[in-house]
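Reader: Could you walk me through this model and tell me how each label was earned?
Author: Gladly; let's take the labels one at a time.

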Amino acid sequence: MRAAVYESFQGKITVQTVPDPEPSEFGAVIEVKASGVCRSDWHGWVGHDTDIVLPHVPGHEFAGVISAVGRGVTKWKVGDRVTMPFMGVCGSCGECASGNEQMCDYQFQPGFKRWGSFAQYVAIDMADRNLVALPEVVAFTTAAGLGCRFATSFRALAFQARIEPGQWVAVHGCGGVGLSAIMIAEALGANTIAIDIADDKLELARELGAARTINAKFADDVPSAIADLTGGGAHVSIDALGSVVTCRNSIQCLTKRGKHLQIGLMAGDQALPAIPMGRVVLKELELIGSYGLQPHRYGDMLAMIEAGKLKPEKLIGRTITLEDATIVLPKMDSFQERGVAIIDRF
């Protein structure tokens with residue numbers, strides 16, 4: 001099969017011919033029809049993820065058609081349209097048994113702990129536990145943008161922060177995660193403020209429903225600007241980027257008893273932000289992490305998509321080839337993409 005491969009961290013990514021994967025006893029092989037290009041993949045390429053063994057094929061957001069199943073698989077057959085969360089789960093540890101599969105003690109991630117979906121085929125284990133049926137009305141390109149960014153934002157807002165209609169939600173960073181959060185928060189009845197340094201991304205945020213926008217490049221004090229717009233501060237604020245600046249601004253812009261959601265990964269020189277804990281105490285703020293969406297919760301998200309309440313296809317900035325991805329991925333830290341880039345030609 002054809003796959004995008006890098007042989008050193010921060011090294012050149014090339015399209016190569018590599019062996020086709022085989023299904024494990026309880027696993028499946030999926031013919032990849034679309035794969036998202038995510039900043040998490042960039043973190044892996046840089047070397048922030050110690051689980052990656054070189055040479056490596058990135059890619060953890062995908063949708064496609066099952067091409068082979070192991071003899072222990074009972075729920076799926078060749079030809080089924082499927083997607084899955086960005087992490088695979090064992091289904092039997094304590095966290096999985098409690099319904100919190102996103103915290104599985106033995107999780108595995110295509111594109112990190114094993115080869116991923118920047119390829120014509122990808123193999124996953126424990127297919128009965130991890131694969132999610134993809135409705136015919138949801139395109140492969142749309143589904144490929146769900147696995148990490150959109151699904152993570154959905155759980156963060158709907159189940160972690162439990163946002164309520166009429167609340168103010170500030171979203172710091174209008175990449176894939178942030179734009180997903182804006183769409184979801186608006187669908188759940190909140191009023192959103194989009195914060196970024198790029199006017200084109202703020203324009204897209206407005207198209208997706210953002211009630212207000214702030215260009216942080218020209219704002220002297222982002223938290224104060226948010227307080228002015230909301231009459232005292234946001235009820236929920238999201239660091240959708242993962243930087244020292246956006247994390248701190250997110251916490252400082254909250255009203256009393258507000259909730260800070262950390263979705264953006266913080267790694268490298270951004271891994272240890274200075275948190276204003278005095279403010280957390282005096283305002284009784286909540287600091288909440290959110291990581292992925294359980295397979296059994298996908299139905300809630302897909303139902304809103306089928307009903308037209310969520311339209312994640314609007315987040316797609318462009319579709320690209322596998323060769324294009326070798327150029328796009330190394331540039332992800334420069335934030336050049338308007339919307340999500342999806343590989344759909346392999």
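Author: Buried means under 20% relative accessible area, exposed over 50%, and partly exposed in between (1.4 Å probe, protein chains only). This is a predicted model, in which local features need pLDDT of at least 70, side-chain atom pairs count only at pLDDT 80 or more, and totals for chains, interfaces and linings use all residues. Residues are numbered from 1 along each chain as its sequence is written, and side-chain values use heavy atoms, with hydrogens and water left out.

Reader: Why is Glu 306 called partly exposed?
Author: Its relative accessible area is 48%, and partly exposed covers values between the 20% and 50% limits, so that is the class for Glu 306. Glu 306 belongs to helix 11 (residues 298-306); helices are DSSP runs of H or I with at least four residues, strands are E runs of at least two, and both are numbered from the N terminus.

Reader: What makes helix 5 largely enclosed by the rest of the structure?
Author: Of its 15 residues, 12 are buried, so the surrounding structure largely encloses helix 5. Among the buried ones are Leu 146, Phe 150 and Leu 157.

Reader: How do you know that the end C-alpha atoms of helix 5 fall short of a straight helix?
Author: The expected span is 1.5 Å times one less than the number of residues. For helix 5 (residues 146-160) a straight helix would reach 21 Å, but the end C-alpha atoms are only 18 Å apart. After helix 5 comes Arg 162, with a positive phi near 50°.

Reader: How do you know that the structure holds zero disulfides?
Author: A disulfide is a pair of cysteine sulfur atoms within 2.5 Å. The sulfur of Cys 104 has its closest cysteine sulfur in Cys 90, 3.6 Å away, which is too far for a bond. Cys 174 is in no disulfide either, as the nearest cysteine sulfur, in Cys 253, is 13 Å away.

Reader: Why do Cys 104 and Cys 174 count as buried?
Author: Cys 104 has 4% relative accessibility, so Cys 104 is buried. Cys 174, with a relative accessible area of 2%, is buried too.

Reader: What makes strand 8 and strand 9 a pair?
Author: Two strands pair if DSSP finds at least two bridges between them. Strand 8 (residues 168-172) and strand 9 share five bridges in the parallel sense, so they meet that rule. His 172 has Ile 195 of strand 9 as its bridge partner. Five of the six residues of strand 9 (residues 191-196) are buried, so strand 9 is largely enclosed by the rest of the structure.
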